[in-house]
Structures are given as structure tokens and as C-alpha cells.
Amino acid sequence: MSNSNQLAMVKKDTVDIVAAKVKQFQEAGELHFPANYSPENAMKSAWLILQATKASKNDNYAPVLTHCTKDSIANALLDMVVQGLNPAKKQGYFICYGKQLAFQRSYFGTMAVTKRVTNAKSIDGMVIYEGDDVDYEIVNGRVVNLKHKQKFGNINKDKILGAYATIEMPDGEIYTEIMTMDEIRQAWSQSQMWGKDQKIEKQGSTHDDFKQEMAKKTVIGRACKKFLNSSDDGSLVMQHIKESDERSEEIEVQKEIAENANSEYIDAEYNEIIDDPEPPKREHQEEKSKPEPEPVSAGGPEF
């Protein structure tokens, strides 16, 4: 069978089935998309990206569309669409391990989903540098009335003290998440790219070259995660958010175990996928509010 015919069959058994399922959800009133979201356009973008996406080195860089099971491809596409995300907007990407494909949100995607689920007006992140004037109160365990004054001359990626994220709710309430640079590095240390005894980001690495953006990304991810985890699980969107996260986390854990299986040093704690210092949901893993794992796919890294 020619490659084009094979891809046509995969498309029929995945994209077409997902499109029909989404239409069924909409007709039943279970699924409502944002006004500016087109599931058809999102799936077209995903299909183009998937055609250029390869599996890992352990799977000989095989094309995921012919390597992964059709069920896992369909589930990945469905997770993407139900969450109202589009990979062309860098809101997520596809990862695989063995024969399984999963869709994983980027932090842009997590922000979009959080806004959709909570109706948040805005989600923003800011870096705190040495010399900045920061003042806030803690009321009932929550940061409130944060005031931050910054001089232009303080901006220096090598003098970051921490970062914070704010989520503005429809009623005007502001939720604030704040992290020190030590806490941010602790989140970064869960990355596969972080060495066993590494204490700070390596010179020339993404965490070093784009330290400000990576710091904001980490604290925004943690803030959004807390809102998503506290949201009602009853909606179709939340069900797929939870299931999608569990599938992608499981694949990442399996991927790390396999990639480290033949190495001299294996540390189960270091290889855990953790975003947040909260107790893990399962014994072997937990959002990494981590920087997004490096996918093996078309295109360069996103921030």
C-alpha cells in the first residue's frame, strides 16, 4: 500500500471519527466552543503537524501516523479539540511513547483552558529582580494586595529573585501565585535536561538564554494548575483535561524510564514528572509546572 493511501486510511479512521464525535457532543449540548475557535481548522492544523511528527530515537524516528495506534491518535485529537486548543497557535503538541500518542498542552494552552473553564479576564506573569520593591499581604493563606515597583535598570536575567502570576476573575478578584528563584529552579530540576548534581541552569541552555520567559512560564503554569485542579470534574471539558493530563504524564514517565534504562545513573525521584511540590497523585509521578518537555516534532521550541 502506498504511503498516501495509508495516510488516507489513518485520516478516515481518526480525523473523520473525531469530527463526527465532536458534532455529536455539540448537538447534545455537552460541548460549546469559544466564538473564535474552529474545531475543523484545529484538526486540519493538527493533521499537517502530525504528518511531520516523528517518534523518538528508541522507535527509530518512525512517523507517528503510521507508528502509533489509531485509537491513541483519535484520542489525542479529541483531547485537543474538546479543550478548544490549536497546535498551530503553540497551544500544545503531540508526544508518543511506543505505540501511544498523546496531546500535551503547552503553557499557552494551559492559559487558554484556564480562561475557558474559569472565565478569567486575564492571566499575566512578571519577574522580580534584585532592587525591585515588592510588597504584599497574606490573608487566609493567600497573597493579596501585591504591589511591585521596578526600575528599568534592574532588569537583568542573572539577577532574578523570583516571579509571580496573577489571574483576574470575572468579579474583579485577583489570584496571585508567587515563587522564589529557588522554587522555580526546583521545578526546572525535574526536567530531563537537568543534570544529577546540577544546581543552576547551564550556560547556553533554554533556561539560561530565556530565563525571564521560562520563569514566568513556570509560575503561570502553577497558578493555572491550581485553578484547574479545583474546578468541577463534571463537565466534558474538565473530564478531557484530566484524562489528557494523565495520559501525557504516564507517557512521559514511561519515556524517561526507557531513556534512562541503560544509563549508569538512575534516580527514580529525579526522573519523576512533577510540576508542583504538592503530594503526587500516583506513587510514581505528578503538573510539572515544569517547562514543557521537549517534544520530538516539527518546528522549534516554544516559550
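These notebook entries record what I looked up in the structure, entry by entry.

**Entry 1. Model and confidence**

I noted at the outset that this is a predicted model. For the protein chain I found a mean pLDDT of 82, with 80% of its residues at 70 or more. I then looked up residues 263–290, where the pLDDT is below 50. This stretch nevertheless has 73 contacts in the model beyond near neighbours in sequence. I also recorded residues 292–303, over which pLDDT stays under 50. For that second stretch the model has 32 contacts beyond four places in sequence.

**Entry 2. Chain overview**

I counted 10 helices and 7 strands in the protein chain. Of its 303 residues, 47% are buried. The chain exposes about 15700 Å², and I noted that carbon and sulfur atoms supply 49% of that area.

**Entry 3. Cysteines**

I asked how many disulfides the structure holds. The structure holds 0. I then examined Cys 68, which is in no disulfide. The nearest cysteine sulfur to that of Cys 68 belongs to Cys 96 and is 4.2 Å away. Because a disulfide requires sulfur atoms within 2.5 Å, I did not assign one to Cys 68. Cys 68 has a relative accessibility of 6%, so I entered this residue as buried. Cys 224 is likewise entered as buried, because its relative accessibility is 0%.

**Entry 4. Aromatic pairs**

I searched the whole structure and obtained 4 aromatic pairs. I wrote down two of them in detail, among them Phe 33 with Tyr 37. The ring centres of Phe 33 and Tyr 37 are 5.1 Å apart and the planes stand at 40°, so I classed the pair as tilted. The angle lies in the range left between stacked, under 30 degrees, and edge-to-face, over 60. I found Phe 33 buried at 16% relative accessibility, and Tyr 37 buried at 12%.

The other pair I recorded is Tyr 107 with Phe 108, whose ring centres are 4.6 Å apart. Their planes make an angle of 35°, so this pair is also tilted. Here I noted that Tyr 107 is buried, with a relative accessible area of 7%, whereas Phe 108 is partly exposed at 32%.

**Entry 5. Arg 247**

I located Arg 247 in helix α10, which spans residues 236–260. Its relative accessible area is 31%, so I entered Arg 247 as partly exposed. Which residues does Arg 247 touch, not counting those up to four places away in sequence? I found Asn 75 and Asp 79. I also looked up Gln 100, which is 147 residues from Arg 247 in sequence. The C-alpha atoms of Arg 247 and Gln 100 are 9.3 Å apart in space.

**Entry 6. Ile 49**

I found Ile 49 in helix α3. This residue is partly exposed, with a relative accessible area of 25%. Leaving aside neighbours within four places in sequence, I listed Pro 87 and Ala 88 as contacts of Ile 49. Ile 49 and Tyr 93 are 44 residues apart along the chain, and I recorded 8.8 Å between their C-alpha atoms.

**Entry 7. Gln 190**

I placed Gln 190 in the loop between α7 (181–188) and α8 (206–209). Is Gln 190 buried or exposed? Its relative accessibility is 9%, so I entered Gln 190 as buried. I then looked up the polar surroundings of its side chain. A polar atom of that side chain lies 3.3 Å from the backbone oxygen of Gln 186. A further polar contact, of 3.2 Å, joins the side chains of Gln 190 and Ser 189.

**Entry 8. Positive phi values**

I looked up two residues with positive phi that are not glycine. Tyr 61 has phi near 55°, and I found this residue in the loop between α3 (39–51) and α4 (64–67). At 47% relative accessibility, Tyr 61 counts as partly exposed.

Lys 90 has a phi of about 60°. I placed Lys 90 in the loop between α5 (70–82) and β1 (92–97). Lys 90 is partly exposed, with a relative accessible area of 38%.

Technical notes:
Residues numbered from 1 in each chain as written. Heavy atoms only, no water. Buried < 20%, exposed > 50% of the residue type's maximum accessible area, 1.4 Å probe, protein only. pLDDT = per-residue confidence, 0-100. Contact = heavy atoms within 4.5 Å. Phe/Tyr/Trp six-rings, centres within 6.5 Å; stacked < 30°, edge-to-face > 60°. Helix = DSSP H or I, 4+ residues; strand = E, 2+ residues; numbered from the N terminus. Polar contact = N/O pair within 3.5 Å; in protein donor to acceptor, adjacent residues only side chain to side chain. Areas by Shrake-Rupley, 256 points an atom, 1.4 Å probe, with all protein chains shown as cover.
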